[in-house]
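Biologist: Hi! I'm new to this one, so could you walk me through it?
Modeller: Happy to. Let's bring it up first.

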Amino acid sequence: RDESKEKLLTSSGRDTNGQALELRKGSGSQCQNLSSLRAELSRKAEQMLEKDKKIMKQDFEIQKSRDIVDCIVPQACGEKKSIFDRRETMALPKGVPPQDEWPQRFLVTKEEISTGEHSPVCSGSSLIDSDLFTGEVIILVRGSREQQRASSGKDEDAYFRGRKRQVGVILTGVFKKEVPMNELTIGNEFDRGIRQPKPWQTNLIMKLIHRFLPHCTLELGNHPKFFASVVLDAKNMRIRKRQERLSPLLPREGVKEDLSLLGGFFAKGKRSPAERRNYFRKKENLKKYSFSPEYEYTFEFYQHQLNFVDYKLLLGVIDVAWITKGQPFQFLIKSGSQIICKFHIWSENLMKYRSECNTSY
């Protein structure tokens, strides 16, 4: 029995080995393909592993450098900033007080033309004296609802009551020499550039400009500008004979249009602000006139689109503070390169974008 078992096992083993040998011979080419595939996959895996190691090492070195920079670079507003984010904090101009010292959620400052230093304009009128013009200006900004209740009965309350206006400016004074009307402009300049809003926001802003401010010019680039002719942008204008003293500013009443002293078209009858703008839109008409030292001029400007408490446009849809990189809008009047006056309207919403100014824009 034992011998028969051994013979059976031996024959079975031979059969099995024979079958395995045949299988190996039949699938030899497939095994070679699989082996080469395994080798290729192994080589690629090693390459990917080496690449991952390099990336991890670079990330580690970058993070290490950031940690060092965060420890030694002065921090602003208690927030960590890294030079790798290409961010910088725009310091407030000299004379602008810290935000916690503002009497309201916004602040108006006057910039001295000669020194660039700012001084807060809290209430009442502010005197102006430049090489071209002397006079005074009053700037009224609609505050929050709490501030509106607190100002009940004051000039700003009477000026805004029943109106959609967000800001109003009344300027009165005399020119020291003749200034061509087509050279006097009002506008804004952003020396640090602006951010590009989303395409739909850009289209919306441009449509608003073309619809409500067709007389304005927008120049983009490293130092964007937005300006218009004063006689086209003013909502109301008045001309009077020059007196020893300037006529008092009465914001409660505003300014009533009266340009009859210009003569010609304006002396033939009472002209409305719309008629004045239509007349001066023709360049040949605008070139005929100049501002004369013989008269006292009063201008009223206002707008209702932009809220200067939060710097939001169209009921908060567009954040203008982000677009301007925290740079305030100005009440800037110039004749060529000569500045007559320059005021800035600051807001608490501007401050966070000044500390998050990205210089790569």
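**Aromatic rings and their surroundings**

Biologist: Let me start with one ring: is Y295 buried or exposed?
Modeller: Y295 counts as buried, because its relative accessibility is 17% and the cut-off for buried is under 20%. Keep in mind that this is a predicted model.

Biologist: And what about Y297, buried or exposed?
Modeller: Y297 is at 1% relative accessibility, so Y297 counts as buried too.

Biologist: How do the rings of Y295 and Y297 sit against each other?
Modeller: Their centres are 6.5 Å apart and the planes meet at 80 degrees, so this pair is edge-to-face. Y297 also pairs with F299, and that pair is stacked, with 6.4 Å from centre to centre and 10 degrees between the planes. F299 is buried, as Y297 is.

Biologist: Which aromatic cluster do they belong to?
Modeller: One cluster takes in F133, F175, F291, Y295, Y297, F299, F301, F331 and F343. Across the whole structure, a search finds 23 aromatic pairs.

Biologist: F291 caught my eye. What is F291 in contact with, leaving aside its neighbours within four places in sequence?
Modeller: Its contacts there include F175, V179, M181, L184, Y297 and F299, and also K177 and E178.

Biologist: Which residues touch the most other members of the largest nonpolar core?
Modeller: That core has 58 residues, and F280, F291, F301, F331, I333 and F343 touch the most other members. Strand β18, residues 338–347, gives the largest share of this core, with five residues. Another core lies apart from it, with seven residues, among them I138, Y159, F160 and I170.

Biologist: Does anything charged come up beside Y159? I mean, what lies over its face?
Modeller: R163 does, at 5.4 Å from the ring centre. In another spot, R271 lies over the face of F265, 3.8 Å from the ring centre.

Biologist: Switching to strands: in what order do the seven strands of the open sheet run?
Modeller: The order is β3-β2-β18-β17-β8-β10-β9, with antiparallel pairing. β3 (118–120) and β9 (217–219) are at the edges with a single partner strand each, so one side of each has no neighbour in the sheet.

Biologist: How many bridges join β2 to β18?
Modeller: Five, with the two strands antiparallel. T109, for instance, has H344 in β18 as its bridge partner.

Biologist: Last one: which way do the side chains of β4 point?
Modeller: They alternate: S126 and I128 point to one face and are buried, whereas L127 and D129 point to the other and are not. β4 also forms a hairpin with β5, with three residues between them, and L127 stands opposite E136 in β5.

Note on methods:
Residues numbered from 1 in each chain as written. Predicted model: local features only at pLDDT ≥ 70, side-chain atom pairs only at ≥ 80, totals over all residues. Heavy atoms only, no water. Core = buried A, V, L, I, M, F, W, Y, C linked by side-chain atoms within 4.5 Å. Buried < 20%, exposed > 50% of the residue type's maximum accessible area, 1.4 Å probe, protein only. Helix = DSSP H or I, 4+ residues; strand = E, 2+ residues; numbered from the N terminus. Contact = heavy atoms within 4.5 Å. Pairing = 2+ DSSP bridges. Phe/Tyr/Trp six-rings, centres within 6.5 Å; stacked < 30°, edge-to-face > 60°. Lys NZ or Arg CZ within 6 Å of the ring centre and 35° of its normal.
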